[in-house]
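Biologist: I should like to be guided through this structure by a series of questions. Please give the reasoning before each result.

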Amino acid sequence: MPQFIEDDAFGTYFEEFEHTAWRLETRRGYGSDRAGEKYRHYLETGEVPDDSQRPWCVNVRAQTERGKRIERVRIVDNPPTHEQRFLLAAAAINNAVGEDIRNVWRTDAQKAGLPATDFWLFDSRRALVLHFDDADEYLGAELVEDAEQIVRLCQVRDTAWHYAIQREEFVAQVGSIE
């Protein structure tokens, strides 16, 4: 069983990084999204409410205004699941506040050898590997600081970013989602 960090400490990594915070998202959906009001609203209306004042967005704006980068790549099925369509629509808000969220088709991710592991990589020095159960419920984050593992995750980041498609172009490939 991995050693998880305290849940209260999770947010501090996004305030204390020096240059880059980068994430790979590999799941077809997340239990936390399905349980949220924002997702229910999306299912009912096809629209994502503007929540650009939520704490995540406020912090992204503050960090990127300091010259830091927050980026992520999401692996998406073809056709996308409802949850993936929701995340693709919601990414417009995150991108508008300074985060750079891109997407890669699952078949391309598999061809490139990307792992099925969600993680955040901070300053190419430490990572939080995110663990989920079979129902996509978040179990916890495992801190990784081992240099060999970090180098491997940096290689994953570089490969994913190479194949990732900016949101607007990806939306055009998927079709109307907004």
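Biologist: Is Lys38 buried or exposed in this model?

Modeller: The model is a predicted one. Residues under 20% relative accessible area are classed as buried. Lys38 has a relative accessibility of 18%, so the class of Lys38 is buried.

Biologist: With which residue does Lys38 form a salt bridge?

Modeller: Lys38 belongs to helix 3 (37-45), and the partner lies in the loop between helix 3 and helix 4, so the pair ties together parts 13 residues apart in sequence. The partner is itself buried, with a relative accessible area of 19%. The closest N and O atoms of the pair are 2.8 Å apart, and the partner is Asp51.

Biologist: How far apart in the chain are Arg74 and Glu25?

Modeller: These two residues form a salt bridge, with their closest N and O atoms 2.6 Å apart. Arg74 is buried at 8% relative accessibility, and Glu25 is buried at 3%. Arg74 sits in strand 2 and Glu25 in strand 1, so the bridge links distant parts of the chain, by the strand assignment. Their separation is 49 residues.

Biologist: Which residue of the salt bridge between Glu71 and Arg69 is partly exposed?

Modeller: The closest N and O atoms of this pair are 2.9 Å apart. Glu71 has a relative accessible area of 11% and is buried. With a relative accessible area of 45%, the partly exposed residue is Arg69.

Biologist: Which strands stand at the edges of the sheet?

Modeller: The sheet is open, has seven strands with mixed pairing, and follows the order 6-5-4-1-2-3-7. Each edge strand has a single partner strand, so one side of each is left without a neighbour in the sheet. The edge strands are strand 6 (138-144) and strand 7 (165-166).

Biologist: How many bridges join strand 5 to strand 6?

Modeller: Strand 5 covers residues 126-132 and runs antiparallel to strand 6. Within this pairing, Val129 stands opposite Glu142 in strand 6. The number of bridges joining the two strands is six.

Biologist: At what angle does helix 5 run to strand 2?

Modeller: Helix 5 comprises residues 82-96. This helix lies across strand 1 (20-25), strand 2 and strand 3 (100-105). Its angle to strand 2 is about 165°.

Biologist: How many disulfides does a search of the whole structure find?

Modeller: Cys57 is buried, with a relative accessible area of 0%. Cys154 is also buried, at 12%. Across the whole structure, the number of disulfides found is zero.

Technical notes:
Residues numbered from 1 in each chain as written. Predicted model: local features only at pLDDT ≥ 70, side-chain atom pairs only at ≥ 80, totals over all residues. Heavy atoms only, no water. Pairing = 2+ DSSP bridges. Helix = DSSP H or I, 4+ residues; strand = E, 2+ residues; numbered from the N terminus. Contact = heavy atoms within 4.5 Å. Axes fitted to C-alpha atoms, helices over the stretch in contact; angles between N-to-C directions. Disulfide = S-S within 2.5 Å. Buried < 20%, exposed > 50% of the residue type's maximum accessible area, 1.4 Å probe, protein only. Salt bridge = Lys/Arg side-chain N within 4 Å of Asp/Glu carboxyl O.
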